[in-house]
Amino acid sequence: MTDTDIKKGLAGVVVDTTSISKVNPETNSLLYRGYPVQELAASLSYEQVAWLIWHGELPTEAELAEFTARERAGRALADNVKAAIDLTPTSSHPMDVVRTAVSVLGANDPQTDDSSREANLAKSERLFAAIPAIVAYDQRRRHGLDVVAPRDDLDYSRNFLWMTFGDEPSDAAAEVFRVSMVLYAEHSFNASTFTARVVTSTLADLHSAVVAAIGALKGPLHGGANEAVMDVFDEIGSADGAEAWLDAALAEKRKIMGFGHRVYKNGDSRVPTMQAAFEKLVESGEFRGVGGAEVSAGRGPDLVALYHRLADAMEAKKSIKPNLDYPSGPAYHLLGFDTKTFTPLFVASRVVGWTAHVMEQLEANALIRPLSEYVGPDERHLQN
Ligand SMILES: CC(=O)SCCNC(=O)CCNC(=O)[C@H](O)C(C)(C)COP(=O)(O)OP(=O)(O)OC[C@H]1O[C@@H](n2cnc3c(N)ncnc32)[C@H](O)[C@@H]1OP(=O)(O)O
Ligand SMILES: O=C([O-])CC(=O)C(=O)O
């Protein structure tokens, strides 16, 4: 084996087939089961899109009604999940909390060790239903607030915001949140999904694969970037500081969070849709501060100005374009989420893609075990 045979980071390596989604950098498009994600985001609920990703076809009215009823019935958290969350310090990162809570869900699940497609679908639905309550509960306890019980008269997005903030979201808020859930749901063999497939390839259970995927998503080169984008915006302060900040950051060889992508080299197909949703939220004026606090009317337009100034400067200096985490960061901020809660929101959405890949991996499983080239010391022996 030579150095040139080694594809660091598996860049450019096709490791398996998938029929779940197609990421096409040439046409700058993303298809879920053949449908352009923009079309899905324009007209379907996140519940419909989840069903499509799991099953390969859109749900009939009856299938959707039954799934929705199961989802609404599965929203409340078991006492031992709440207890596990309470045992984690409020200073811990919300990704650590969601990873821990999902692990407890796996320990609770009556079908943990049943990896039939039927059982895996049932477990995927239960995770889909329960994760929002974990995320909402954790954000609320960090603000010293009591848990808000789920409402079964609200759809997924509205209920998520209800459980987090304890009031009914505006139409504009529910809409930007729904769009983000649809856009984050699936993206072929990204690092966290590949992690889920590696774990599944050993015939470990679905919850183990999801817990591992959450770990992979936490890093700032992957899902952790939506949180890091907001930290960058806070660091820069206002649009006028964008160019000078970028010059200094690039001089220090910093990676600019929310920019660049392993597959898309000419822009992320999801960014225009998410950017439009973010700008619509700002135009509506229906945004708020962190934790639902009052915020000045200028906060939204200021963030939009900063968003464009930094993206334009990055384009001018490096010709590197934003990825989905760039518009979703400030959108989640204006919905009132803590910055550290942004990546758990990605978990709530991507759990659909992860679990679909777990099921696909099992349909034609092969243990994932690549080779490495040994570059350590030659064989040697203990003296005496
Ligand atoms: C939803 C998602 O998970 S999308 C990804 C979210 N992650 C981020 O936003 C983190 C910031 N971005 C990055 O670190 C990278 O663009 C990645 C990790 C996403 C992709 O990385 P790779 O495909 O490995 O690209 P790679 O690191 O080889 O970059 C190629 C060149 O562009 C530069 N580059 C790429 N992204 C950035 C960036 N965000 N800021 C500064 N320079 C960058 C690299 O430094 C490299 O330059 P060089 O050739 O002079 O060394
Ligand atoms: O595909 C990737 O490498 C990262 C990404 O955009 C995603 O997971 O949504």
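**Exercise 1. Domains and their contact**

Task: State into which domains the protein chain of this predicted model is divided, and describe which elements and residue classes make up the side of domain 1 that touches domain 2.

Solution. Begin with the division itself: domain 1 is assembled from the segments 18-177, 188-217 and 349-363, whereas domain 2 covers 225-335. Next, take the separation, for which the C-alpha centres of the two domains lie 25 Å apart. The contact draws 16 residues from domain 1 and 18 residues from domain 2. On the side of domain 1, the elements giving two or more residues are β2 (29-32), α1 (37-43) and α8 (171-184), and α8 supplies the largest share, namely five residues. Finally, sort that side of domain 1 by class, which yields ten nonpolar residues, five polar and one charged.

**Exercise 2. Helices α2 and α16**

Task: Work out how helix α2 is oriented relative to helix α16, and which residues make their contact.

Solution. The helices to compare are α2, residues 46-55, and α16, residues 342-363, whose axes are 9 Å apart and form an angle of about 15°. Because angles under 35 degrees count as roughly parallel, α2 is roughly parallel to α16. The crossing of the two helices is right-handed. From α2 the contact takes Ala-50, Ile-53 and Trp-54, and from α16 it takes Val-352, Gly-353 and Ala-356. Sorted by class, the residues of this contact comprise five nonpolar and one polar, with no charged residue.

**Exercise 3. Helices α6 and α7**

Task: Carry out the corresponding analysis for helix α6 and helix α7, giving angle, handedness and contact residues.

Solution. Helix α6 spans residues 117-142 and helix α7 spans residues 156-165; their axes come within 8 Å and cross at roughly 25°. It is this angle that makes α6 roughly parallel to α7, and the crossing is right-handed. In the contact, Pro-132, Ala-133, Ala-136, Gln-139 and Arg-140 of α6 meet Asn-159, Phe-160, Met-163 and Thr-164 of α7. The class count for this contact is five nonpolar, three polar and one charged.

**Exercise 4. The surroundings of ligand 1**

Task: Determine how many residues surround ligand 1, which of them are the closest, and how the shell divides by class.

Solution. Start with the total, which is 19 residues around ligand 1, and then pick out the closest, which are Ala-225, Ile-256, Phe-259, Gly-260 and Arg-262. Sorting the whole shell by class gives eight nonpolar, seven polar and four charged residues.

Terms used
Residues numbered from 1 in each chain as written. Chains lettered and ligands numbered in written order. Predicted model: local features only at pLDDT ≥ 70, side-chain atom pairs only at ≥ 80, totals over all residues. Near = placed C-beta within 6 Å. Nonpolar A, V, L, I, M, F, W, Y, C, P; charged D, E, K, R; others polar. Axes fitted to C-alpha atoms, helices over the stretch in contact; angles between N-to-C directions. Helix = DSSP H or I, 4+ residues; strand = E, 2+ residues; numbered from the N terminus. Parallel < 35°, antiparallel > 145°, perpendicular 65-115°, else oblique. Left-handed = near helix turned anticlockwise from the far one by under 90°. Contact = placed C-beta atoms within 7 Å. Domains from an automatic or database assignment.
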